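Q: Can we go through how the protein meets the DNA here? Start with whichever strand you like.

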2 protein chains.
Amino acid sequence: MRREFKKKSKVLLIDDNYEHLVGIRELLNLEGTFDVVGIATNVSVGLNLIKKYQPDIVLLDMNMPDKDGLQGIIEISKLDFDTKVLALSGYDDADLIFRAMKIGAKGYVLKTMASAQLIYAIEEVLNGKIYLPLALSSRFFEYFQQSFREETAKQESTEENLLSYLTQREEEVLELLTQGITYKGVANKLFISETTVKTHVNNIFQKLQVNDRTQAVLYAINNGFLSKKVKLAV
Amino acid sequence: MRREFKKKSKVLLIDDNYEHLVGIRELLNLEGTFDVVGIATNVSVGLNLIKKYQPDIVLLDMNMPDKDGLQGIIEISKLDFDTKVLALSGYDDADLIFRAMKIGAKGYVLKTMASAQLIYAIEEVLNGKIYLPLALSSRFFEYFQQSFREETAKQESTEENLLSYLTQREEEVLELLTQGITYKGVANKLFISETTVKTHVNNIFQKLQVNDRTQAVLYAINNGFLSKKVKLAV
DNA sequence: CTTTTTATAGACCATGTGGTCTATATCTTT
DNA sequence: AAAGATATAGACCACATGGTCTATAAAAAG
């Protein structure tokens, strides 16, 4: 155990429940490896304490009255210290977990969890890892997959996706339209005459059941036409 | 132990490494609660076996030569049995994990993991849960957060996002443009004359540095103008 | 209390866009 | 060999779109 040689990690607690706040502070103090540099019962006060003490980690309650926890995460990360945020909540609400992780929480733990697990979570996060207990990560992934299923379902249904009726050439033309190129430009790119482009475009309108290029482009985007190229990141 | 009363779960294995395939089959047979109904060294054969035996779960290797694992997941889910897929891989490649989970894998385990953990993973998935070992879920989340950081960074930068220069009214007009509405339509919706709309639109073009409505709409979409309303799910 | 910004709107004009119809040449499919 | 789909393209025409300039009233900023 070289615990005593290691510098204590600075921890800050934000929770509107004062009892709980004090409880955690006791727990962390007993552990001996942490230095609870401040506690706050709301985000605004918490932010000021963070500016003052620049803690290594903030335990942030998600369910607070005025300013909510999600907003808190955003504002803490805007401070641009590398303060890590461990989200804390009474409920395993999938949506809340998802959004918290999305905006950069390094972990998410339930208040009902054993104190040993809380300690472990804090240590993992301090070591640069991301910690989600199995139960919560399970919830997260259900939600995550659900949202993608809905997205792909929307793209693939819409009564058999009208995009599939387009010919090869029409797809090429549509792709250029989605880059905001004029008839003349498309004609030059594809080495065909402007009127040919117009013919293709008109056929595209027919097939997609729209009346102008903007609507065609919007249809293409909303129905996954570009997803392979544009949305690569996600 | 009411293990012997429970119906054995049907398992199918797909892995281009035959040694490994047999190894896992042995392991699962020894366990006694699983019935390995088939093994395959490529996705095509595997798909046929799935159609024949309708297994409860498929262990699918991600790193295979011809048809890759991701495609395999998609094709299995297209079969529309509720066969669960547990992805199996030699490497903890974040991108691969992310994409596998995105398209519906119920879990992801490394080949280097202890057999007890593999068994546990299979059982969790069979129980309808999603299983990602802590190390992998950590990797996943880093990648996940990274992709969102890039997205918001792109939206907020682009040299101070030209969208921020738009006035309230101009934003309203632009929003209607992104719905594929004509000048006349916008004029009616906002109770102003058509020429006023044109003036606004021209100012929008100036500010966004584009020459036509399609480009303006594309700019808006690519720079997060609609993200609050459209991308709610994510 | 000026000055600037914003929302409003008219006039005029060039041209890009979309609708419709016709007409080949090629390539598939039957 | 005949029929159908596809890519090509011309001719019109109506009108929506975009560019530019001017102008006014109200609101915000200085």
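A: This is a predicted model. Of the atoms of DNA strand D within 4 Å of the protein, 63% are sugar or phosphate, and the rest belong to bases.

Q: Which residues are the closest to strand D?
A: Thr167(A), Ser193(A), Tyr183(B), Lys198(B) and Asn202(B), out of 18 residues that surround DNA strand D.

Q: Which side chains have an N or O atom by a phosphate oxygen there?
A: Arg169(A) is one of them, with a side-chain N or O atom 2.9 Å from a phosphate oxygen of DNA strand D. His200(A) has a polar side-chain atom 2.9 Å from a phosphate oxygen of that strand. For Lys184(B), the distance to a phosphate oxygen is 3.5 Å.

Q: And which element gives the largest share of that surface?
A: α9(A), with five residues. By class, the surface near DNA strand D has three nonpolar, nine polar and six charged residues.

Q: OK, strand C now. What comes nearest?
A: Lys198(A), Asn202(A), Arg213(A), Thr167(B) and Ser193(B), from 18 residues around DNA strand C. Sugar and phosphate make up 69% of the strand C atoms within 4 Å of the protein.

Q: What does Thr199(B) contact on strand C?
A: A base nitrogen, which lies 3.4 Å from a polar side-chain atom of Thr199(B). Two or more residues of the surface near DNA strand C come from each of α8 (183–190) and α9 (194–208) of chain A, and α9 (194–208) of chain B.

Q: Where do Arg169(B) and Thr195(B) sit relative to strand C?
A: Arg169(B) has a polar side-chain atom 2.9 Å from a phosphate oxygen of strand C. For Thr195(B), a polar side-chain atom is 3.2 Å from a phosphate oxygen.

Key: Residues are numbered from 1 along each chain as its sequence is written. Chains are lettered from A and ligands numbered from 1 in the order in which they are written. This is a predicted model: local features need pLDDT of at least 70, side-chain atom pairs count only at pLDDT 80 or more; totals for chains, interfaces and linings use all residues. Side-chain values use heavy atoms; hydrogens and water are left out. A residue is near a molecule or strand if one of its heavy atoms lies within 4 Å of it. A polar contact is a pair of N or O atoms within 3.5 Å; within protein, one must be able to donate a hydrogen and the other to accept it, and residues adjacent in sequence count only if both atoms are side-chain atoms. Helices (H or I, at least four residues) and strands (E, at least two) are DSSP runs, numbered from the N terminus. Ala, Val, Leu, Ile, Met, Phe, Trp, Tyr, Cys and Pro count as nonpolar, Asp, Glu, Lys and Arg as charged, and the others, Gly among them, as polar.
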